[in-house]
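Here are some exercises to help you find your way around a new structure. Have a go at each task before you read its solution.

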Amino acid sequence: MMRSRHGANKFGCFGKSWTNVYRSFHSLSSPFHYSFPATDPTVLHRVLERCRVSMDFRTASKTHARVVVLGFATYPSLVASLISTYAHFHQPHIALHVFSNVLDLFNMNLVIESLMKGGQCDVAKKVFGKMPVRDVVTWNSMIGGYVKNSRFFDALSLFRRMLSAKVEPDGFTFASVVTACARLGALCSAKWVHGLMVEKRVELNYILSAALIDMYAKCGRIDVSRQVFEEVARDHVSVWNAMISGLAIYGLAMDVTVVFSRMEMERVLPDSVTFIGILTACSHCGLVEKGRKYFGMMQNRFMIQPQLEHYGTMVDLLGRAGLMEEAYGVIKVMPMEPDVVIWRALLSACRIYRRKELGEVAIANISRLESGDFVLLSNMYCSLKNWDSAERVRQMMKMGGVRKNQW
């Protein structure tokens, strides 16, 4: 065993002091209390997380030593956590040293995946740049990670680099890239990516088929979405959901009902996502009776329990139609707590239909008021010529330092 000039073994300064490390962890104002043994990787990972939050470099260093002592130095999730921690403390040389202990490509890819899962895109990018070798999984982990973290331009940029590096993309690559194009609404990029898929003869599974339909709908080409829908296999509910949701975006409610009828004829069972699309289309077009019909059908015929989004679309549908009491009734019978989106839908309808009392109920249930909420309430009072209440709302905005959004 190696010993230092002070007589302790190589890791002696961390051996007996692990109790102090653990005590330090619990002193970080953490709401967690663990009963796991100190050798559990999950505990070590969470210790490092709390070190980043509290900027406790000393405890982080001790925890790193403990990771090494326990033989977890190549454990991908812990390596990712250590790299993220040292990057957070502006110690890139130590982060690089930690990564250098990972020798095989499989575990390197897992480190990238762990970093992306934790939202550490920039750290993952640096690790990616230091990798001596990469395969298609490496590129997919980076591109997919960018998409999941809403960094769509970065995803497309890296995809172009991937092609320049002569790495052949696969279905997973294209699924991420198509999603990036959809979220950006970038039609030129969408056409280019779709063209590559055709050129490379990429086999369309239901994931890619649904992604293409969704991409063209979000890029303003619902006609191409329809064309893709007619050409691909339609044996999975996701493909139908993409078409229904795409049509709903454009308020094509009657087309949505036609597609749903075809779905039943082709014996594809709908799911909860299907009905979100249908109810959204009904809401956008003010089709109250059809909305009620499909909301009931979902529960009684297909045994699908409504989720928050279903209730939200029903409140929006009824509120837009001026059926305020029914909309509020839907909120009251919900088995879960209504979210801020539902209360804002009710508040917006109250402004349109001048329902002061219900508007005040909605405001009272929005825990964190934003400028738009105050404006809706103020406008509602103004429409009722209740100038004193409108002025009171404006004073509340001033006192709270809330400003109208500037466009």
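Below are four exercises, each followed by a worked solution.

This is a predicted model, where local features need pLDDT of at least 70 and side-chain atom pairs count only at pLDDT 80 or more, while totals for chains, interfaces and linings use all residues. Residues are numbered from 1 along each chain as its sequence is written, and side-chain values use heavy atoms, with hydrogens and water left out.

**Exercise 1. Describe the largest pocket and its lining.**

Start with the term: on a 1 Å grid over the protein atoms alone, a pocket is an open set of points where a 1.4 Å probe fits, with protein on both sides within 12 Å along at least five of seven lines. Lining residues have an atom within 4 Å of a point.

Next, the space: about 410 Å³ lies in the largest pocket, with volume taken as the space filled by probe spheres set on the points.

Then look at the walls. There are 17 lining residues, and Glu113, Asn140, Ser141, Gly144 and Lys148 lie nearest the centre. Helices H7 (105-117), H9 (136-148) and H11 (171-184) each give two or more residues to this lining; helices here are DSSP runs (H or I, at least four residues), numbered from the N terminus. H9 gives the most, with seven residues.

Finally, sort by class: seven lining residues are nonpolar, seven polar and three charged. In this scheme Ala, Val, Leu, Ile, Met, Phe, Trp, Tyr, Cys and Pro are nonpolar, Asp, Glu, Lys and Arg are charged, and the others, Gly among them, are polar.

**Exercise 2. Work out how the rings of phenylalanine 128 and tryptophan 139 are arranged.**

First, the rule: rings of Phe, Tyr and Trp (its six-membered ring) pair if their centres lie within 6.5 Å, and planes under 30 degrees apart are stacked, over 60 edge-to-face and the rest tilted. Eleven such pairs turn up in the whole structure.

Now apply it. Phenylalanine 128 and tryptophan 139 sit 5.0 Å apart, centre to centre, with 80 degrees between the planes, and the pair is edge-to-face. Phenylalanine 128 belongs to helix H8 (residues 121-130) and tryptophan 139 to H9, eleven residues apart.

Last, check the surroundings. Both residues are buried, that is, under 20% relative accessible area (exposed is over 50%, partly exposed in between; 1.4 Å probe, protein chains only). Arginine 134 lies over the face of phenylalanine 128, at 4.1 Å from the ring centre; for this, CZ of Arg (or NZ of Lys) must be within 6 Å of the centre and within 35 degrees of the ring normal.

**Exercise 3. Check the span of helix H15 (residues 237-249), then ask why it counts as largely enclosed.**

The expected span is 1.5 Å times one less than the number of residues. For the 13 residues of H15 that gives 18 Å, and the end C-alpha atoms are 18 Å apart, which agrees.

As for the enclosure, ten of the 13 residues are buried, so the rest of the structure largely encloses H15. Trp240, Met243 and Leu247 are among the buried ones.

**Exercise 4. Where do lysine 166 and arginine 267 lie?**

Take lysine 166: the loop between H10 and H11 holds this residue. Its phi is positive, about 65 degrees, although it is not a glycine. With 73% relative accessibility, lysine 166 counts as exposed.

Arginine 267 is in the loop between helix H16 (253-265) and helix H17 (272-285). Here phi is about 60 degrees, again positive in a residue that is not a glycine. Arginine 267 is exposed, at 78% relative accessible area.
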